[in-house]
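Q: I would like a close look at a single residue and at the parts of the fold with which its surroundings are connected. Please define each term where it is first used.

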Amino acid sequence: MRRFSLLAALAVAALSPLAQAEYRNDMFNQNYAWEEEKPWEEKTVELPAYPDGKHWQEFEVGPTTRNRHAVDTATLRLDDDGVVRFAVRVQSPDGAETLTYDGLRCETREHKRYAIGAENKTWAPSRSSQWRRLESGQAVLRALEEFYLCVDRSPVASVNEAIRRMKQR
């Protein structure tokens, strides 16, 4: 019985500082008005001028593709809504190419396609304008997100930093 009393006293003594700390935190936090986190809002996006072919920066996707890949640096933007927007070109070994204007949300690892390049060298707005999680089959976008445009789920510091990363790899 004596041991039980001693253990109970030790337990109370050990928990007492935790209870006091919690009480002090509650008192401290009452002195501040915490702002609730605002839901993310995407800014209004205007499509850039169609790439003129002078500003392509090639980048590596990996050994699983023979295609060539490039970002038009004139369209590469780090916007204040946390989205990196860019025109990307995928060119097959036969010369066929696809141009798209895309956005990456680094924080959530999501992607949105704003437009697709048309044969008359204009942008055709995408039919699907929803943000979607990057999937494993999207090698080009995943390479851009992982190696060039996003660092620790944040956009790179500058457009020049993104270009430097593409040149290095």
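What is the relative accessible area of R105, and does this residue count as buried or exposed?

A: R105 has a relative accessible area of 12%, so this residue counts as buried. Buried denotes under 20% relative accessible area, exposed over 50% and partly exposed the range in between, with a 1.4 Å probe and protein chains only. The model is predicted, so that local features require pLDDT of at least 70 and side-chain atom pairs pLDDT 80 or more, whereas totals for chains, interfaces and linings use all residues. Residues are numbered from 1 along each chain as its sequence is written, and side-chain values use heavy atoms, without hydrogens or water.

R105 belongs to strand β4. Helices (H or I, at least four residues) and strands (E, at least two) are DSSP runs numbered from the N terminus. Leaving out residues up to four places away in sequence, R105 touches W40, G82, V83, E110 and W131; contact here means heavy atoms within 4.5 Å.

One of these contacts, E110, is also a salt-bridge partner: the closest N and O atoms of R105 and E110 are 3.3 Å apart. A salt bridge requires a side-chain nitrogen of Lys or Arg within 4 Å of a carboxyl oxygen of Asp or Glu. Side chains of opposite charge can pair when their charged atoms come close. E110 is buried as well, at 16% relative accessibility.

Another salt bridge joins R109 to E145, with 3.0 Å from N to O. This pair connects distant parts of the chain, since E145 is in helix α2 (residues 139-149) and R109 in the loop between β4 (97-105) and β5 (110-117), 36 residues apart. E145 is buried, with a relative accessible area of 6%, whereas R109 is partly exposed at 23%. Elsewhere, salt bridges with shared partners join E42, K43, R77, D79, D81, R85 and K112 into one network.

Within that network, R85 forms a salt bridge with E42, their closest N and O atoms lying 3.3 Å apart. R85 is in strand β3 (residues 83-91) and E42 in the loop between α1 (2-29) and β1 (56-59), so this pair ties together parts separated by 43 residues in sequence. R85 is buried at 0% relative accessibility, and E42 is partly exposed at 25%. Over the whole structure, the search finds 12 salt bridges.

Strand β4 also holds Y101. Y101 is buried at 1% relative accessibility. From C-alpha to C-alpha, Y101 and G117 are 7.9 Å apart in space, although 16 residues separate them in sequence.

G117 in turn helps to line the largest pocket, together with Y50, P51, D52, G53, W56, E97, T98, L99, A118, E119 and K121. A pocket is found on a 1 Å grid over the protein atoms alone, as an open set of points where a 1.4 Å probe fits, with protein on both sides within 12 Å along at least five of seven lines; lining residues have an atom within 4 Å of a point. β4 contributes the most to this lining, with three residues. The space in this pocket is about 210 Å³, a volume filled by probe spheres set on grid points that are joined across faces, edges and corners.

The nonpolar interior can be described next. In the largest nonpolar core, which has 20 residues, the members touching the most others are F59, V71, L76, F86, L144, L149 and M166. Such a core is a set of buried Ala, Val, Leu, Ile, Met, Phe, Trp, Tyr and Cys residues joined through side-chain atoms within 4.5 Å. At least two residues of this core come from each of β2 (68-78), β3, α2 and α3 (159-168), and α2 gives the most, with six. A second, separate core of 10 residues includes L99, Y114, W123 and W131. W131 is also among the contacts of R105, and L99 is among the residues lining the largest pocket.

The wider setting is a protein chain with three helices and nine strands, arranged along the sequence as α-β-β-β-β-β-β-β-α-β-β-α. Of its 169 residues, 30% count as buried. Among contacts between residues at least 6 apart in sequence, 45% join residues at least 24 apart.
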